[in-house]
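Here is a friendly walk through one protein chain and its ligand. Please keep the viewer open while you read.

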Amino acid sequence: MTEQGRENASVGDFPAEVDAVVCGGGPGGSTFATLMARMGHRTVVFEREKFPRFHIGESLLPWNMPLFDRIGVLSKLEASGPQVKRGARFYHQGSSFTRLVSFANGIDSDHPSSFQVKRADFDALLLDHARESGAAVFEEARVTEVLFTADGKRARGVKVLLKGENEPRTVEAKVVVDATGRDALLSRHLGGRTRDPLLDRSSAFTHYDTFRRAEGPTGGDIVIVTTPDGWWWLIPFSDGSVSVGVVMPSRRFKERKGTVEQLFEESVLAVPEVRELLEGSKRTMDVQAIADYSYRAARVSGDGFCLVGDAASFLDPVFSTGVLLAMQSAEIAASSVDRALRRKGRVDAADFKSFERTFRGANRRFERFVHGFYEPHVLETFYTPAPNAWIGRGVTTMLGGGVFHPTFGARLGIFAFHLSTVFIRVLQAIRGRGAFERATGILEPEKTP
Ligand SMILES: Cc1cc2nc3c(=O)[nH]c(=O)nc-3n(C[C@H](O)[C@H](O)[C@H](O)COP(=O)(O)OP(=O)(O)OC[C@H]3O[C@@H](n4cnc5c(N)ncnc54)[C@H](O)[C@@H]3O)c2cc1C
């Protein structure tokens with residue numbers, strides 16, 4: 001990317017009025033802006049930070065690849081030399097439970113791989129692509145307020161504070177898109193967010209210079225190590241370095257004696273599978289943490305506005321779903337907005353109906369798996385070889401991100417997996433308390449009388 005491509009839109013060209021204002025230049029905001037600009041709508045992006053900047057969320061799913069292609073950024077990504085990811089390797093701490101997922105074994109063979117990316121570079125590339133597609137992009141520009149009409153119903157623009165200025169400027173827009181990620185600018189004004197009590201988890205993470213990666217093509221796989229009360233990720237990058245993170249109940253963070261860094265380092269030492277993979281590696285970054293993170297906004301659209309990506313909802317990242325959900329929700333939102341603007345020159349709540357349905361449906365499908373991941377009977381089902389290959393293929397499709405418009409075959413495979421979890425639950429009850437727990441350290445449910 002040329003320096004020219006990275007430059008802010010000039011302040012002299014600050015628009016007083018546009019078709020679409022996008023708040024936030026992460027993957028969700030960039031995708032929406034790219035598509036809108038390509039469809040000929042006057043689009044402006046306001047991003048609070050100066051890119052490139054660190055962001056967590058580095059493992060991408062195969063179903064993101066066709067989307068990269070649709071927004072015209074796939075060849076740029078390939079040229080940037082990312083790590084190719086062909087699957088996921090799951091291990092359970094201190095046990096023989098292992099599951100090796102190869103995306104090529106999904107229901108269809110069209111989604112065999114994806115990328116592991118450093119988000120600083122990836123997000124900058126996507127935002128540059130939005131610029132090159134015709135969107136005006138202002139970095140170091142913080143949206144301070146979304147403006148509504150006097151009756152409070154219709155979004156009509158934003159107030160934004162540019163770096164070096166003391167007073168926010170106003171931009172009028174036909175549609176305002178909240179893509180501010182976990183800051184969730186708009187949801188705070190729309191009835192807030194609902195936390196998911198089943199996913200009351202927090203995470204600490206960092207980068208290391210190297211790790212013992214598998215030989216051959218599977219060396220780019222994400223490694224997940226499940227533990228009695230959480231899980232670890234190791235995400236390899238193409239330069240040999242690795243992202244390492246742990247997810248634990250939030251209570252473990254709150255009750256810790258020392259710093260988050262100490263908790264992280266002690267936890268590495270306590271899990272042999274992680275410790276051994278990192279033997280001889282050096283940490284290259286401070287340990288960072290994010291607390292209490294799963295939530296859903298009460299509303300995700302209305303007259304003249306919608307929320308995409310993390311601004312709308314956030315799901316525990318065990319299956320690396322966030323970037324796909326952000327970009328895919330942005331793509332669906334852009335097509336709803338384009339249709340409405342062409343038809344009547346404005347966007348109403350009713351225009352977002354199919355956006356809401358599709359987004360919520362995909363979230364629900366992922367959510368069911370994520371909830372299950374913290375339940376012993378689902379975890380045991382997951383680690384038990386599927387009784388037929390077809391169930392395994394359905395689960396692989398889901399893990400690859402095929403949740404937006406799953407084929408009949410994928411739905412059936414996933415349904416059959418959920419059905420097998422009922423069988424394992426009964427089996428656990430019959431076997432009696434202790435067997436699975438002895439093997440995994442995970443507490444089993446009380447035996448049914
Ligand atoms: C611990 C952890 C691990 C994760 N691992 C993965 C993973 O492996 N794979 C995966 O796909 N996802 C993962 N995720 C999720 C992923 O990080 C997010 O889902 C994804 O970044 C969402 O994209 P987004 O565009 O919605 O928001 P973001 O990427 O958060 O972008 C939002 C942007 O808005 C800007 N902004 C905020 N407020 C304002 C404002 N007022 N004005 C202007 N700009 C503003 C921010 O600076 C930011 O650049 C993980 C998340 C966590 C917490």
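The report below goes from the domains to the ligand shell, then to helix packing and two backbone details.

**Domains**

This is a predicted model. The domain assignment splits the protein chain into domain 1 (3-73 + 118-194 + 294-362), domain 2 (83-116 + 196-290) and domain 3 (363-440). Between the C-alpha centres of domain 1 and domain 3 there are 34 Å. Contact between these two domains involves 18 residues of domain 1 and 14 residues of domain 3. On the side of domain 1 that touches domain 3, α9 and α10 each supply at least two residues. The largest share of that side, five residues, belongs to α10. Sorted by class, the side of domain 1 that touches domain 3 holds 10 nonpolar, six polar and two charged residues.

**Around the ligand**

Which residues come nearest to the ligand? Among the 40 residues around the ligand, they are Gly26, Gly57, Gly181, Gly309 and Gly322. Four elements give two or more residues to this shell: α2 (27-38), β8 (141-148), β12 (201-208) and α9 (322-344). Of the elements in the shell, α9 provides the largest share, with four residues.

The shell is also shared between domains, as at least three of its residues come from domain 1 and at least three from domain 2. If you are thinking about its chemical character, the shell around the ligand has 16 nonpolar, 16 polar and eight charged residues.

**How the helices pack**

Three helix pairs are set out here for a quick look.

| Helix pair | Angle | Axis distance |
|---|---|---|
| α9 and α10 (353-373) | about 165° | 9 Å |
| α2 and α5 (119-132) | roughly 20° | within 8 Å |
| α12 (389-400) and α13 (408-431) | about 105° | 7 Å |

Let us start with α9, an element of the ligand shell. The angle between α9 and α10 is about 165°, and angles over 145 degrees count as roughly antiparallel, so α9 and α10 are roughly antiparallel to each other. Their crossing is right-handed. On the α9 side the contact is made by Leu325, Ser329, Ile332, Ala333 and Ser336, and on the α10 side by Ser354, Phe355, Thr358, Phe359, Ala362 and Asn363. This contact of α9 with α10 has six nonpolar and five polar residues, with no charged ones.

Next comes α2, another element that gives residues to the ligand shell. With α5 the crossing angle is roughly 20°, and angles under 35 degrees count as roughly parallel, so α2 and α5 are roughly parallel to each other. The crossing of α2 past α5 is left-handed. Here Pro27, Ser30, Ala33, Thr34 and Ala37 of α2 meet Asp123, Leu126, Leu127, His129 and Ala130 of α5. By class, the contact of α2 with α5 contains six nonpolar, three polar and one charged residues.

The last pair is α12 and α13. Are these helices roughly parallel or roughly perpendicular to each other? Their angle is about 105°, and the range from 65 to 115 degrees counts as roughly perpendicular, so α12 and α13 are roughly perpendicular to each other. From α12, the contact takes in Trp390, Ile391, Arg393, Gly394, Val395, Thr397 and Met398, while α13 brings Ala410, Leu412, Gly413, Ile414, Ala416, Phe417 and Ser420. Nine nonpolar, four polar and one charged residues make up the contact of α12 with α13.

**Two backbone details**

Most residues other than glycine have a negative phi, and most peptide bonds are trans. Two places in this model are worth a look with that in mind. The peptide bond from Phe51 to Pro52 is cis, and its omega is near 0°. Pro52 sits in the loop between β2 (43-46) and α3 (65-70). Glu140, although not a glycine, has a positive phi of about 50°. The loop that holds Glu140 runs between β7 (136-138) and β8, and β8 is one of the elements that give two or more residues to the shell around the ligand.

Definitions and conventions: Residues are numbered from 1 along each chain as its sequence is written. This is a predicted model: local features need pLDDT of at least 70, side-chain atom pairs count only at pLDDT 80 or more; totals for chains, interfaces and linings use all residues. A residue is near a molecule or strand if its C-beta atom, placed from the backbone, lies within 6 Å of it. Ala, Val, Leu, Ile, Met, Phe, Trp, Tyr, Cys and Pro count as nonpolar, Asp, Glu, Lys and Arg as charged, and the others, Gly among them, as polar. Domain bounds come from an automatic or database domain assignment. Axes are lines fitted to C-alpha atoms, for helices over the stretch in contact, and angles run from 0 to 180 degrees between N-to-C directions. A crossing is left-handed if the near helix is turned anticlockwise from the far one by less than a right angle, and right-handed if clockwise. Two residues are in contact if their C-beta atoms, placed from the backbone, lie within 7 Å.
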